[in-house]
Amino acid sequence: MALILGECLLREIRELKGMSQQELSDKLFANYGISISDTMISKYERGLKYPNPLVSRAICKVLGCIESELYDFLET
């Protein structure tokens, strides 16, 4: 059995919190000194890029979620 990274749920979580990509970017910088553009956040949301663990954790702290909620995880 293998565990596979599925769909990114960042957009759904971010929108549920009523936050734009730019607002998330701004809060990441203001709260944690992490400079991630709204364009990069878009790439994360579309599965074109993956945040490193530090960025992932900061995103979760800003959005009030945990890392395991950012992606669907599939078992094969």
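**Exercise 1.** In this predicted model, determine in which strand Leu-3 lies, whether Leu-3 is buried or exposed, and which residues make a nonpolar surface patch of about 450 Å².

*Solution.*
Step 1. Leu-3 belongs to strand 1, which covers residues 3-8.
Step 2. The relative accessible area of Leu-3 is 61%. Exposed means over 50%, so Leu-3 is exposed.
Step 3. Leu-3, Leu-5, Tyr-50 and Phe-73 make the nonpolar surface patch of about 450 Å².

**Exercise 2.** State how many disulfides the structure holds, and explain why Cys-8 has no bond to the closest cysteine sulfur.

*Solution.*
Step 1. The number of disulfides is 0.
Step 2. A disulfide requires two cysteine sulfur atoms within 2.5 Å.
Step 3. For Cys-8, the closest cysteine sulfur is in Cys-60, 10 Å away, and is therefore too far for a bond.
Step 4. Cys-60 is in no disulfide either; its nearest cysteine sulfur, that of Cys-65, lies 3.7 Å away.
Step 5. Buried means under 20% relative accessible area. Cys-8, at 8%, is buried, and Cys-60, at 1%, is buried as well.

**Exercise 3.** Describe the length of helix 2 and determine where its buried residues fall around the axis.

*Solution.*
Step 1. Helix 2 comprises 12 residues, 21-32. From first C-alpha to last it reaches 16 Å, close to the 16 Å expected at 1.5 Å a residue.
Step 2. The buried residues of helix 2 include Gln-21, Leu-24, Ser-25 and Leu-28.
Step 3. Viewed down the axis, the buried residues of helix 2 fall within an arc of 100°, and therefore line one face of the helix.
Step 4. In general, an α-helix has 3.6 residues a turn, so residues three or four places apart point the same way.

How values were computed:
Residues numbered from 1 in each chain as written. Predicted model: local features only at pLDDT ≥ 70, side-chain atom pairs only at ≥ 80, totals over all residues. Heavy atoms only, no water. Patch = residues over 30% accessible without salt bridge, like charges linked within 9 Å, V, L, I, M, F, W, Y side chains within 5 Å. Areas by Shrake-Rupley, 256 points an atom, 1.4 Å probe, with all protein chains shown as cover. Salt bridge = Lys/Arg side-chain N within 4 Å of Asp/Glu carboxyl O. Helix = DSSP H or I, 4+ residues; strand = E, 2+ residues; numbered from the N terminus. Buried < 20%, exposed > 50% of the residue type's maximum accessible area, 1.4 Å probe, protein only. Expected span 1.5 Å × (residues − 1). Arc of directions from axis to C-beta.
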